[in-house]
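Me: I have a model open and want to learn to read its side-chain features. Could you take me through them one by one?

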Amino acid sequence: VYELRAYLFSARGLPAGDKSGMNDPYVVCNCAGMKSKSQTKRQTNDPDFFECLVMSVSLPDELNLAPDVQLVVWDWDRIGSNDQIGRISLKTPQLLLNNAEKPKPTLYDLFLDDPNQSTGSLLACVQLLPENAASLDPPTDIQPKMKKCSLQVSLVGKHREVFVYVCNSSTCWILKLLSFHF
């Protein structure tokens with residue numbers, strides 16, 4: 001038996017889902033017949049989750065035989081069935097960590113049926129711990145400390161894409177904000 005922790009930070013660039021052009025996204029983590037669901041974020045294509053989903057899963061001793069962990073982003077609909085926006089699949093053996101290792105967020109591309117057509121991205125981390133080693137309680141608040149900053153963008157030419165580089169001491173993320181043509 002293992003403890004599976006899915007740290008959900010944010011999703012970006014989700015395609016328009018409702019008539020309003022927005023989504024009401026949430027994430028479901030699936031593994032070995034177990035499920036856990038995040039809170040639903042209303043009217044956004046760029047949700048911030050800052051949640052840690054925790055569940056107990058029974059897996060075989062040989063983890064290379066274990067099922068993948070699925071993170072699926074859904075659009076909640078008031079009427080009718082919810083729509084799947086995209087998903088990622090993670091190999092279970094690669095998630096096994098000990099308590100001393102800090103989970104490292106990764107920006108994953110989301111896909112539906114076409115592996116060449118991304119449907120947005122999800123910043124997340126999944127950690128698998130042997131249940132007897134899961135002595136530390138999962139964090140209740142994974143929102144990073146925020147600070148106010150400004151961004152100045154100057155554009156020259158006919159076709160531009162706007163990227164923002166977000167860096168800390170060990171990692172940089174490149175976020176594509178928009179692309180347009182004059």
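**Cysteines, core and rings**

Reply: Start with a cysteine. The sulfur of C29 has its closest cysteine sulfur in C31, 7.0 Å away, which is too far for a bond. Keep in mind that this is a predicted model.

Me: What cut-off decides whether two cysteine sulfur atoms form a disulfide?

Reply: The two sulfur atoms must lie within 2.5 Å. C31 fails that test too, because its closest cysteine sulfur, in C29, is 7.0 Å away. The structure holds 0 disulfides.

Me: Are C29 and C31 buried or exposed?

Reply: Buried means under 20% relative accessible area. C29 is at 1% relative accessibility, so C29 counts as buried. C31 has a relative accessible area of 3% and is buried as well.

Me: How should I read a nonpolar core?

Reply: In soluble globular proteins, nonpolar side chains tend to be buried together. Here the largest nonpolar core has 28 residues, and L4, L71 and L122 touch the most other members. Elements giving two or more residues to this core are β1 (2–12), β2 (25–31), β4 (48–57), β5 (69–75), β6 (83–90) and β8 (118–130).

Me: Which element gives the most to this core?

Reply: That is β1, with 5 residues. Another core, of 7 residues, lies apart from the largest one. Its members include Y7, F9, C52 and L123.

Me: Which residues does L4 touch, leaving out those up to four places away in sequence?

Reply: Both cysteines from the start are on the list: L4 touches C29 and C31. The other contacts are L53, V54, M55, V57, V69, V126, Q127 and L128.

Me: How do I read one residue in a strand? Take I85.

Reply: Place it, then check burial, then list contacts. I85 is in strand β6. Its relative accessible area is 5%, so I85 is buried. Beyond four places in sequence, I85 touches L14, P15, N23, P25, V73, W74, D75, L112 and T119.

Me: How far apart are I85 and N23 in sequence and in space?

Reply: I85 and N23 are 62 residues apart in sequence. From C-alpha to C-alpha, I85 and N23 are 9.2 Å apart in space.

Me: And the rings? How many aromatic pairs does the structure hold?

Reply: A pair of aromatic rings is described by the distance of the centres and the angle of the planes. This structure holds 0 aromatic pairs. Look for charges over rings instead. The charged end of K37 sits over the ring of Y26, 4.5 Å from its centre. R42 lies over the face of W76, 4.2 Å from the ring centre.

Key: Residues are numbered from 1 along each chain as its sequence is written. This is a predicted model: local features need pLDDT of at least 70, side-chain atom pairs count only at pLDDT 80 or more; totals for chains, interfaces and linings use all residues. Side-chain values use heavy atoms; hydrogens and water are left out. Rings of Phe, Tyr and Trp (its six-membered ring) pair if their centres lie within 6.5 Å; planes under 30 degrees apart count as stacked, over 60 as edge-to-face and the rest as tilted. A charge sits over a ring if NZ of Lys or CZ of Arg is within 6 Å of the ring centre and within 35 degrees of the ring normal. A nonpolar core is a set of buried Ala, Val, Leu, Ile, Met, Phe, Trp, Tyr and Cys residues joined through side-chain atoms within 4.5 Å. Buried means under 20% relative accessible area, exposed over 50%, partly exposed in between (1.4 Å probe, protein chains only). Helices (H or I, at least four residues) and strands (E, at least two) are DSSP runs, numbered from the N terminus. Contact means heavy atoms within 4.5 Å.
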